[in-house]
Amino acid sequence: MPRSRRTPRTAPSARRGIIDRHGRGLRSAVTGPYLPMIRGRIDLFESTVASTAEYLRGIWPELEDVRFEIAAAPAEALHGDHVDRWHVSLEERRVVLYRIPIQRMAKLHRNDDLHQRMMVESCVFRAVADLIGKDPWDLDPDRYRGL
């Protein structure tokens with residue numbers, strides 16, 4: 001006996017408008033219930049900026065009122081021979097880090113998580129150094145001693 005091309009529909013799923021066509025139920029999360037959620041590049045970038053900013057605030061008390069912000073890219077991208085990776089506003093006490101130029105225009109000799117994190121940290125150090133008028137190496141000289 002030939003099968004009918006029309007298959008009976010099952011009840012609508014918990015998600016609006018999506019029908020469970022094969023009777024298997026909804027898919028679960030990719031990582032499962034006992035594993036942490038997968039973190040993306042944006043999450044890693046934001047956590048690196050936040051941890052580096054908190055580290056520098058612990059060393060330099062004048063950074064307590066500074067706001068650290070993250071933007072995708074600068075409004076005016078090209079300035080002749082360079083692209084801005086951060087913007088510092090002395091009046092507003094604000095540092096804006098541009099994620100896309102920092103992540104995509106870095107010429108790393110090894111493109112892994114450690115070197116990407118070090119690149120982001122160095123950009124935060126250089127932006128803060130621009131803000132308070134110091135050399136980036138003077139912000140925490142003990143951090144790089146012995147390397």
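Let's start at a single contact in this predicted model: Arg57 and Glu54 form a salt bridge, and their closest N and O atoms are 2.8 Å apart. Both residues belong to helix α1, where 3 residues, about one turn of the helix, separate them. Their surroundings are worth a look too. Arg57 has a relative accessibility of 17% and therefore counts as buried, since the cut-off for that class is under 20%. Glu54, at 48%, counts as partly exposed.

From here we can step back to the whole chain. It holds 4 helices and 5 strands, and reading along the sequence gives the pattern α-β-β-β-β-β-α-α-α. Of the 147 residues in the chain, 27% are buried. The accessible surface comes to about 11500 Å², and carbon and sulfur atoms supply 52% of that area. If you count the contacts with a separation of 6 or more, 57% of them are between residues 24 or more positions apart.

Now let's turn to the sheet. Three of the strands, in the order β1-β5-β4, form an open sheet with mixed pairing. At its edges are β1 (67–71) and β4, each of which pairs on one side only. From one strand to the next, the twist averages 15°.

The mixed character is easy to follow strand by strand. β1 and β5 pair in the parallel sense, over 5 bridges. Two of the residue pairs are good landmarks here: Glu69 has Val96 in β5 as its bridge partner, and Ala71 has Tyr98 in β5. Helix α1 (residues 41–59), where we began, packs on this sheet and touches β1 and β5. The direction of α1 makes about 160° with that of β1. Helix α3 (residues 113–132) also packs on the sheet, touching β1, β4 and β5, and its direction makes about 25° with that of β4.

On the other pairing, β4 and β5 run antiparallel and are joined by 4 bridges. There, His87 stands opposite Val96 in β5. Val96 is thus a handy residue to click on: Glu69 is its bridge partner, and His87 stands opposite.

How covered is β5 itself? The strand is mostly covered, with 5 of its 5 residues buried. Arg94, Val96 and Tyr98 point one way from the strand, while Val95 and Leu97 point the other way, and all are buried.

Next, follow the chain to the turn that precedes this strand. Arg93 sits in the loop between β4 (86–89) and β5 (94–98). The hairpin of these two strands has 4 residues between them, and within it Arg93 takes a positive phi near 55°. That is a positive value in a residue other than glycine. With a relative accessible area of 23%, Arg93 falls in the partly exposed class.

What does the side chain of Arg93 meet in a salt bridge? The partner is Asp65, at 3.3 Å from N to O. This pair links distant parts of the chain, as Asp65 lies in the loop between α1 and β1, 28 residues from Arg93.

The loop between α1 and β1 also contains Glu62. At 35% relative accessibility, Glu62 counts as partly exposed. Leaving aside residues up to four places away in sequence, Glu62 touches Arg93 and Ile132. Glu62 and Ile132 are 70 residues apart in sequence, yet their C-alpha atoms are 8.5 Å apart in space. Arg93 therefore has two links to this loop worth viewing together: the salt bridge with Asp65 and the contact with Glu62, and Arg93 itself is partly exposed.

Finally, look at the neighbours of Arg93 in sequence. Arg94 forms a salt bridge with Glu92, and the closest N and O atoms of that pair are 2.9 Å apart. Glu92 counts as partly exposed, at 46% relative accessibility. Salt bridges that share partners join Arg67, Glu69, Glu92 and Arg94 into one network. One of its members, Glu69, is already familiar as the bridge partner of Val96 in β5. Across the whole structure, a search finds 6 salt bridges, among them the Arg57 and Glu54 pair with which we began.

Notes
Residues numbered from 1 in each chain as written. Predicted model: local features only at pLDDT ≥ 70, side-chain atom pairs only at ≥ 80, totals over all residues. Heavy atoms only, no water. Buried < 20%, exposed > 50% of the residue type's maximum accessible area, 1.4 Å probe, protein only. Contact = heavy atoms within 4.5 Å. Areas by Shrake-Rupley, 256 points an atom, 1.4 Å probe, with all protein chains shown as cover. Pairing = 2+ DSSP bridges. Axes fitted to C-alpha atoms, helices over the stretch in contact; angles between N-to-C directions. Salt bridge = Lys/Arg side-chain N within 4 Å of Asp/Glu carboxyl O.
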